[in-house]
Amino acid sequence: MMSQNLIEARGVTMRYGKKTAVDEVSFSLPKGRVVGLLGHNGAGKTTLMKALVGLKGVEGELSVLGLDPVRERSALLTELSYIPDVAVLPRWARVHELITLMTGLQPKFSAARAKQLLARTSVGLKDKVSSLSKGMVVQVHLALIAAIDAKLMILDEPTLGLDVISRKSFYEMLIDEWCDGERSVLISTHQVEEIEALLTDVLMMDEGKLVLNLSLEAMESRFVALAHDAEAADAVAAAHPLLRYRAMGGKSAALFDGAPPPHLEQLGQRFRPSLVDLFVALTRKPELAPRA
Ligand SMILES: Nc1ncnc2c1ncn2[C@@H]1O[C@H](COP(=O)(O)OP(=O)(O)OP(=O)(O)O)[C@@H](O)[C@H]1O
């Protein structure tokens, strides 16, 4: 029977020569989710996304929208909205020409919908791509792919190089205009803080491995942060938290997977850890990683 999930990955491994870029990754992506794919530079995010759109084959099992991404790539591409990390729009083109181009290329693309989405932005249909700012180009790109009637959108670092206002309007357009409770979107990004409020789920990669696959709700009930005074530091350290850090206001804090031991709870104050704290705890900082 065909799976209800938009993505099913079982033991997906991907290599470049001897380098394992994606290591035994398994996850399912149901409909109606906004999933953040997080990881340091080189963690394997782009490589995994390449597999999802059939640009690179995998060892293991991978199904996207019920299709084999490599063998059934052309069918898959009509059902998918995708912006790669190297996305460029032809600089010579005018926006209305891009709409015409998409109409010819994508059976599920709606020109009327693209125009409606562009009306949200300050971009005109007659504008040339070369005259647009980086932020405007990314908005045009989003309008074009969000006008595809698809169930799944894959965005590889879509807001790279944009200022905070442009990033905000990008995500607003994505959530308002594309997410409808049925469609799902998988977004890779380094802007962990900014994206936390948008996400329903998080996938965290570290050196090719999936180190966390969790809904934000589950994250809140599973991980506990404890703010404590300096005097409690030794007792906290003895309980081997995932991470010890400075929380807001400079107070010492520790992050636990599960409830901290009862004797510690009395020494501190529980608070909700942020996704950034969890990210730091679960992924190694590249500058600290020993290289073989
Ligand atoms: N074409 C390639 N040939 C050889 N090795 C590659 C190639 N592309 C990526 N790699 C290696 O695979 C690993 C994963 O790279 P990938 O680009 O998937 O990481 P990423 O998480 O997307 O990083 P970033 O956040 O910097 O974009 C890295 O060690 C990288 O050096």
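Reader: Which strands make up the open sheet, and what is their order?

Author: Quick background before the sheet: this is a predicted model, where local features need pLDDT of at least 70, side-chain atom pairs count only at pLDDT 80 or more, and totals for chains, interfaces and linings use all residues. Residues are numbered from 1 along each chain as its sequence is written. Strands are DSSP runs (E, at least two residues), helices too (H or I, at least four), numbered from the N terminus. Two strands pair if DSSP finds at least two bridges between them. Here, the order is β2-β1-β4, three strands with antiparallel pairing.

Reader: Why is one side of β2 and of β4 left without a neighbour in the sheet?

Author: Both β2 and β4 (59-64) stand at the edges with a single partner strand each, so one side of each stays free of a neighbour there.

Reader: How many bridges join β1 and β2?

Author: Seven, in the antiparallel sense, with β1 covering residues 7-16. Tyr16 sits opposite Lys19 in β2.

Reader: Now the ligand. Which residues are around it?

Author: A residue counts as near a molecule if its C-beta atom, placed from the backbone, lies within 6 Å of it. Tyr16 and Lys19 turn up again, and the others are Ala21, Gly39, Asn41, Gly42, Ala43, Gly44, Lys45, Thr46 and Thr47.

Reader: Which element gives the most to that shell?

Author: That's α1, with three residues. Both β2 (19-29) and α1 (45-52) supply at least two residues each.
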